[in-house]
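User: Hi! Could you walk me through this structure? I'm new to this, so plain words please.

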Amino acid sequence: MNKKLKLAELLSYAGNYKSLTYASCFLAGISSLIAIVTFWYVWKIANSIIFDADTENIALYGKIAAISALIVILVYIAGLMCSHKAAFRIAANIRIKLLHHIASLPLGTIETLGTGQLRRIIIDTSGTTETYLAHQLPDKYAAIFSSLGLVGLLLYVDWRLALVSLAPIVLGFIVMAFMTGESMRRKIAEYQNALNIMSNEAVEYVRGIPVVKTFGQTIFSFRRFQKSIENYEAWTIAYTQELRMPMMCFTLAVNGSFAFLICAGVFAAFYYGVSREFLSNFILAVIIAPLISVTLTRTIKQNENEMLSADAMRRINEILSLKPLSVPDEIKSPSENSSVEISNVSFSYGKNKALSHVTLKLNPGQTLALVGHSGGGKSTLAKLIARFFDVQAGKIFVGNLDVRDYRPEDLMNEIAFVFQDSKLIKGSILDNIKMSKPGASLEDVMNALKLAGCDDIIAKFPEGINTIIGSEGVHLSGGEVQRLTVARAILKNSPVVILDEAAAFVDPDNEKKLHDAIKVLAQNKTVILIAHRLSSVKDADIIAVLDKGKLIETGNFDELINLKGKFAQMWKDYQTSLTWNINKEGK
């Protein structure tokens with residue numbers, strides 16, 4: 001973890017706006033120095049009222065103080081305009097770079113990171129750097145210049161009162177030293193990690209609400225989300241209690257200037273008497289000392305904000321350091337036979353072995369069904385075919401070409417997907433279908449919708465294919481979303497189709513229509529089917545049984561039944577589950 005924020009790294013995203021950041025810091029510093037003129041003349045007004053009663057000078061001093069205060073405001077506003085213009089540009093460039101890089105990452109890496117964490121990094125974390133540059137960096141320099149100017153003024157007038165005024169501030173900063181440093185950086189990182197975990201789990205919880213409501217469950221069905229909230233609560237309370245006493249001491253010390261000054265004044269009056277000059281200087285110290293405390297406290301606050309920004313940049317750099325999907329130097333053309341070959345493939349998620357030495361061959365136009373218990377490696381194998389991840393051992397060929405020799409966009413053109421939790425974007429039905437083939441004509445889109453059996457979906461909305469889907473439009477059922485997803489895949493017309501439990505959460509009314517649409521999609525295609533309902537794999541050319549990442553059986557339905565192995569037992573159990581019923585009499 002970077003210990004300090006590197007301003008040069010942030011400004012590398014500024015482009016032609018870098019000079020505006022420097023200008024904002026300079027103008028903020030100048031405005032704080034000009035403000036000292038205001039305090040000087042306020043002090044002179046106080047002197048005139050108490051000692052001279054010189055109304056003519058009071059009026060002049062008042063005008064100078066007012067004009068200087070106005071200049072302070074104008075210069076500070078100019079500085080903020082510069083800082084905001086540069087900060088917005090930097091935040092935008094960071095987000096653009098992040099999004100471009102994320103688009104180049106393997107889809108599996110994005111899936112592993114989680115949409116909640118990515119959203120926070122793209123929006124909130126980059127926004128932290130914008131807030132720091134727009135407000136906190138100029139304010140930091142304003143506080144530094146102001147503190148130095150005020151201390152210098154007080155030293156110039158009376159160095160003894162200056163030391164007395166600074167004593168509580170120094171004491172406060174000694175206390176603060178125990179709360180900052182590496183410990184604070186570590187705590188900030190822990191805090192951001194807790195927020196990321198909660199964000200990810202919240203997204204997963206919201207996505208699972210339909211299942212929760214269907215089965216009458218509560219929030220406790222989502223233990224990880226509940227646990228993330230409890231962990232965040234425990235961390236926050238413990239951290240607050242840890243800092244409670246140091247923060248009380250710091251606040252008491254930096255705001256104790258008056259107590260120190262009063263003690264010093266009483267001491268001076270008792271031993272040396274009170275002269276007009278000392279009283280005048282004492283008034284200036286009373287005016288300036290609290291201001292020094294405020295400005296130095298702001299400096300400490302800026303240091304905390306700087307740590308937040310440093311942590312934000314660390315998280316941004318972690319995403320940018322992720323290895324993108326490799327692109328071959330030489331573009332090769334695959335054969336047009338749409339075969340799929342899996343050759344001795346192994347893959348692990350960290351230390352967890354997902355696949356071990358799997359070999360399969362699927363000829364053009366054949367259907368491969370992947371079956372087995374959950375966690376057997378079915379979805380992992382399908383994702384490796386689509387290159388969501390790169391294989392760690394072995395090779396995968398699509399059309400007699402290693403998937404790693406494809407350009408990512410070319411491989412995506414070769415493969416169409418229908419997942420069990422398909423998503424539609426917030427846009428029209430037309431926009432959603434054309435995502436698979438942006439150049440498609442309206443006639444092609446309508447034909448794909450018809451083949452997917454989506455005519456009833458289009459017909460029930462007055463705006464038809466231009467109906468907007470999402471928070472600002474209509475909401476579709478899970479089955480309707482799946483049928484539109486199949487229509488999108490039909491329009492894409494890729495030679496290889498991957499179906500990952502496409503009908504898993506579909507209601508009975510949509511299930512038949514969806515199966516009919518999938519039959520149309522699969523015509524003359526090479527199909528990889530992941531299924532838990534074994535009735536859907538009877539007609540597959542090849543059934544591959546995976547167990548704990550290993551391929552234990554292959555063959556067609558009849559061959560595997562006659563083998564009387566794992567699949568035969570699974571089929572028997574499946575048939576038993578279909579015929580099982582509850583004895584109404586309780587017998």
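Analyst: Happy to! One term before we start: contact means heavy atoms within 4.5 Å. Also keep in mind that this is a predicted model.

User: Okay, let's use that term. Which residues is Ser356 in contact with, leaving aside its neighbours within four places in sequence?

Analyst: Ser356 touches Val345, Ser346, Gly549 and Lys550, once those neighbours are set aside. Ser356 itself sits in strand β2.

User: Is Ser356 buried or exposed?

Analyst: Ser356 is buried, because its relative accessible area is 16% and the cut-off for buried is under 20%.

User: And what sheet does β2 belong to?

Analyst: An open sheet of four strands, in the order β2-β1-β4-β5, with antiparallel pairing. The strands at the edges are β2, residues 352–362, and β5, residues 401–402, and each of them pairs on one side only.

User: What holds strands together in a sheet, generally?

Analyst: Strands pair through backbone hydrogen bonds, either parallel or antiparallel.

User: How many bridges are there between β1 and β2?

Analyst: Seven, in the antiparallel sense, with β1 covering residues 340–349. As one example, Phe347 has Leu355 in β2 as its bridge partner.

User: Which helix packs on the sheet?

Analyst: That's α12, residues 378–385, which touches β1, β2 and β4. The direction of α12 makes about 120 degrees with that of β1.

User: How many residues of α12 are buried?

Analyst: Seven of the eight, so α12 is largely enclosed by the rest of the structure. Among the buried ones are Leu381, Ala382, Leu384 and Ile385. After α12 comes Arg387, which has a positive phi, near 60 degrees.

User: New topic: the surface. Which residues form the nonpolar patch there?

Analyst: Leu33, Tyr141, Ile144, Phe145 and Leu148, with about 410 Å² of accessible area together. Helix α5, residues 115–157, gives the largest share, four residues.

User: Why would residues from one helix end up side by side like that?

Analyst: A general point helps here. An α-helix has 3.6 residues a turn, so residues three or four places apart point the same way.

User: And how exposed is Phe145?

Analyst: Phe145, which lies in α5, is partly exposed, with a relative accessible area of 31%.

User: Last one: where is Asn255?

Analyst: Asn255 is in the loop between α9 (223–254) and α10 (257–272). Asn255 counts as exposed because its relative accessibility is 55%, and the cut-off for exposed is over 50%. The C-alpha atoms of Asn255 and Pro290 are separated by 7.1 Å, although the two are 35 residues apart along the chain.

Methods
Residues numbered from 1 in each chain as written. Predicted model: local features only at pLDDT ≥ 70, side-chain atom pairs only at ≥ 80, totals over all residues. Heavy atoms only, no water. Pairing = 2+ DSSP bridges. Helix = DSSP H or I, 4+ residues; strand = E, 2+ residues; numbered from the N terminus. Axes fitted to C-alpha atoms, helices over the stretch in contact; angles between N-to-C directions. Patch = residues over 30% accessible without salt bridge, like charges linked within 9 Å, V, L, I, M, F, W, Y side chains within 5 Å. Areas by Shrake-Rupley, 256 points an atom, 1.4 Å probe, with all protein chains shown as cover. Salt bridge = Lys/Arg side-chain N within 4 Å of Asp/Glu carboxyl O. Buried < 20%, exposed > 50% of the residue type's maximum accessible area, 1.4 Å probe, protein only.
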